[in-house]
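Colleague: I would like a close look at one part of this model, the parallel sheet and the helices beside it. Please go strand by strand, then helix by helix, and add the surroundings afterwards.

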Amino acid sequence: MSGFRTIAGKTVAMDRANVDTDQIIPKQFLKRIEKTGFGQFLFYDWRYTQEGEENPNFELNQPANQGASILIANENFGCGSSREHAPWALSDYGFKVVIAPSFADIFHQNCLKNGMLPVKLQAEEVAYLLEKATNQPYHLTIDLEKETVTDNNGFSASFPITAYWKRMLLNGWDEIEITLQLEGEIAQFECSNAVK
Amino acid sequence: MGKTIIDKIWEKHIVHQEEGKPELIYIDLHLVHEVTSPQAFSGLRMKNRTVRKPERTFATMDHNVPTDNRYKIDDPVALNQMTTLEKNCLEFGIPLAGMDSPEQGIVHVIGPELGLTQPGMTIVCGDSHTSTHGAFGAIAFGIGTSEVEHVLATQTLWQTKPKTLKIEITGQLRKRVTSKDVILYILSQHGVNFGQGYIIEYCGEVIERMTMEERMTICNMSIEGGARAGLISPDETTFSYLEGKKHVPKGDAFKKAVMQWKELASDNDAVFDRTITVDANAITPMVSWGTNPSMTSSIKDSIPYVKDCKNELEQKSLERAIDYMGLKEGQNIADIEVQHVFIGSCTNSRLEDLRQAAEIVKGKNVHPTVRALVVPGSQQVKRQAESEGLDAIFKKAGFEWRESGCSMCLSMNNDIVPSGQHCASTSNRNFEGRQGTGARTHLVSPVMAAAAALYGRFVDVSEKVAVEVI
């Protein structure tokens, strides 16, 4: 995982609440043993008709939304299953950021661990962005260092991120490597405290 | 100030604390299955790392497992995922309840029945329904594959302590209103994200009277309310369930363990960040009609009207859901016809669930237009059920009696609901496509599912007449 400071890109609006990870990546695609190649299956049941044709009404299929790297969604994005295939699929498709008023806890963690930035904004801010990004090309810049989301027309909002995750993402650090440096403390805990 | 059980367990598991960082907590038990682990093992191999505590790790296969002919796996990709788990367990020395094991089953069924799950533990698994194990007074939560890799390598996780939410359930449940109805009722009242950022403790007289199986059903669906974990303070019911289980200490060691477990219960003056009270008397058999578990109503009710929605977002969600489900606003729940019935999953596939369903089904026949499946949660549940003759009751009524696995809860194997058809399911999620592309899932209790199999539609099992007439 490599570190990053800013991400600028085109947005796509998906004005739906409670988008679950079963929609992000349906179960029939969870059988692979790799982390890569899931982008083609992203939102599969919404993206394609049951006959396998592209569904022209689905947000990601609209010509204006091609090449988007920032997904704007509504509340409780990523609820349901713990499958990390969800951020793998979003990332493999080309998304680097998801903006929403709230995220499901496990999905939120899974994004961070894969260098994908879940950006939580106020509901009114997200509503504004959803409107801007619907039916027209709309670009945003996310600055991780400053914790801001801005557009070219004066919109600016700040988002919360813990100091821990900010540092991890800016530097692209490997969490396991950091933990292994605490080997002595873990071993000591095991001797004295662990439930047998 | 008193402490909650959540505070007590959490504090005992902190390995490392540092300003500006989450806490590093120790993980006592790591359960592993075939779907969310292969990439974690590959990650270890790539960095030349090993599994720190294979003896605190336990694996099984459940998601992909066929439930008719266990050894006939048509999909080569699924087969590869299963053999990959075998190879990984062998290479890293992890115990595996594989296809040939008499202990194989759904990971959240076998953990408790083998006594791997114990009070006071921290338990994780790459599966969101890990919250099930909280029924024993453990902090148990689902994790992603990166966290699976982290636990394999270090036996720890970086976690920020969640807030605490107490759900107190008072009163008395009516006959044939089950713990499944209780959790569906809570979701119908509070939505799918009220638990975000919290660990729930369920308590109150209704919980105290519940069996371990009933408690597991409630804790299992904590994640459907957005809470990563839900738990119940351990009591005599917990201890007597655990006594004699394979991995539970025996003799004096058991007595000593019980003494320690008794200390875990939340103190009377413990303060929670939030409290919700639920009146059990108000609960009737519940049926989900939409595409998330909060879209659930009483069997006595009807589908809500779009005009009654609080806001535009809710309105759009309702319109989408009833369109997907092929239902109409205002339609009576009791008029919904079902073509499939699934009794199984980590929510409701334990012996007690099967006994309750069998009691409804005994001597009756499955409706001619219904295909009905019983999928025991584990090989052990299957053997016990067969020794009691439950399999014969189900088969005589026209149910298919299957081998253990996750099966039609998420239909990763061949147990699929065809597009456009309705399924009364004892599982935990009614998301679009969950049981098959275009499939329409209705979440219910085992007794409601059993009755639906006989009628071909939903009936109120709490009404005596309904059950007798069947």
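Modeller: What follows starts with the sheet and works outward.

This is a predicted model, in which local features need pLDDT of at least 70, side-chain atom pairs count only at pLDDT 80 or more, and totals for chains, interfaces and linings use all residues. Residues are numbered from 1 along each chain as its sequence is written, while chains are lettered from A and ligands numbered from 1 in the order in which they are written.

**The sheet**

Chain B has an open sheet of five strands, ordered S17-S16-S15-S18-S19, with parallel pairing. Helices (H or I, at least four residues) and strands (E, at least two) are DSSP runs, numbered from the N terminus. Two strands pair if DSSP finds at least two bridges between them. At the edges sit strand S17 (400–401) and S19 of chain B, and each pairs on one side only.

Take the S19 edge. Strand S18 (residues 422–425) of chain B runs parallel to S19(B), and four bridges join them. Opposite Arg440(B) in S19(B) stands His422(B). Cys423(B) has Thr441(B) of S19(B) as its bridge partner.

Is S19(B) covered or open on its two faces? Both faces of this strand (residues 440–443) are covered. Arg440(B) and His442(B) are buried on one side, Thr441(B) and Leu443(B) on the other. Buried means that 20 or more other C-beta atoms lie within 10 Å of a residue's own; 12 or fewer is exposed, in between is partly exposed, and C-beta atoms are placed from the backbone.

**From strand to helix**

Ser345(B) lies in the loop between strand S15 (340–343) and H12 of chain B. Its phi is near 90°, a positive value in a residue other than glycine. Ser345(B) is buried, with 28 other C-beta atoms within 10 Å.

**Helix H12 and its two partners**

Start with H14. The axes of helix H12 (residues 351–361) and helix H14 (residues 390–397) of chain B come within 10 Å and cross at roughly 45°. H12(B) is therefore oblique to H14(B). Axes are lines fitted to C-alpha atoms, for helices over the stretch in contact, and angles run from 0 to 180 degrees between N-to-C directions. Under 35 degrees counts as roughly parallel, over 145 as roughly antiparallel, 65 to 115 as roughly perpendicular, and the rest as oblique.

The crossing of H12(B) and H14(B) is left-handed. Left-handed means that the near helix is turned anticlockwise from the far one by less than a right angle; right-handed means clockwise. H12(B) brings Leu354(B), Arg355(B), Ala358(B) and Val361(B) to the contact, and H14(B) brings Leu390(B), Ile393(B), Phe394(B) and Ala397(B). Contact means C-beta atoms, placed from the backbone, within 7 Å. By class, these residues are seven nonpolar, no polar and one charged. Ala, Val, Leu, Ile, Met, Phe, Trp, Tyr, Cys and Pro count as nonpolar, Asp, Glu, Lys and Arg as charged, and the others, Gly among them, as polar.

Now H15. The axes of H12(B) and helix H15 (residues 446–455) of chain B come within 8 Å and cross at roughly 30°. That makes the two helices roughly parallel. The crossing of H12(B) and H15(B) is right-handed. From H12(B), the contact uses Asp353(B), Gln356(B), Ala357(B), Ile360(B) and Val361(B). From H15(B), it uses Pro446(B), Val447(B), Ala449(B), Ala450(B), Ala451(B) and Leu454(B). The tally for the H12(B) and H15(B) contact is nine nonpolar, one polar and one charged.

**Elsewhere in the model**

In helix H2 (residues 38–46) of chain B, Pro38(B), Gln39(B), Ala40(B), Phe41(B) and Gly43(B) are buried. Their cover includes helix H3 (76–92) and helix H5 (145–154) of chain B. Asn48(B) follows H2(B), with a positive phi near 60°.

In chain A, helix H3 (residues 85–93) is mostly covered, with seven of its nine residues buried. Those buried residues pack against H1, strand S2 (70–73), strand S3 (97–100) and H4 of chain A. Just after H3(A), Gly94(A) has a positive phi of about 130°.

Asn135(A) also has a positive phi, about 65°, although it is not a glycine. Asn135(A) sits in the loop between helix H5 (123–133) and strand S5 (139–143) of chain A. Asn135(A) is exposed, with 11 other C-beta atoms within 10 Å.

How values were computed
Contact = placed C-beta atoms within 7 Å.
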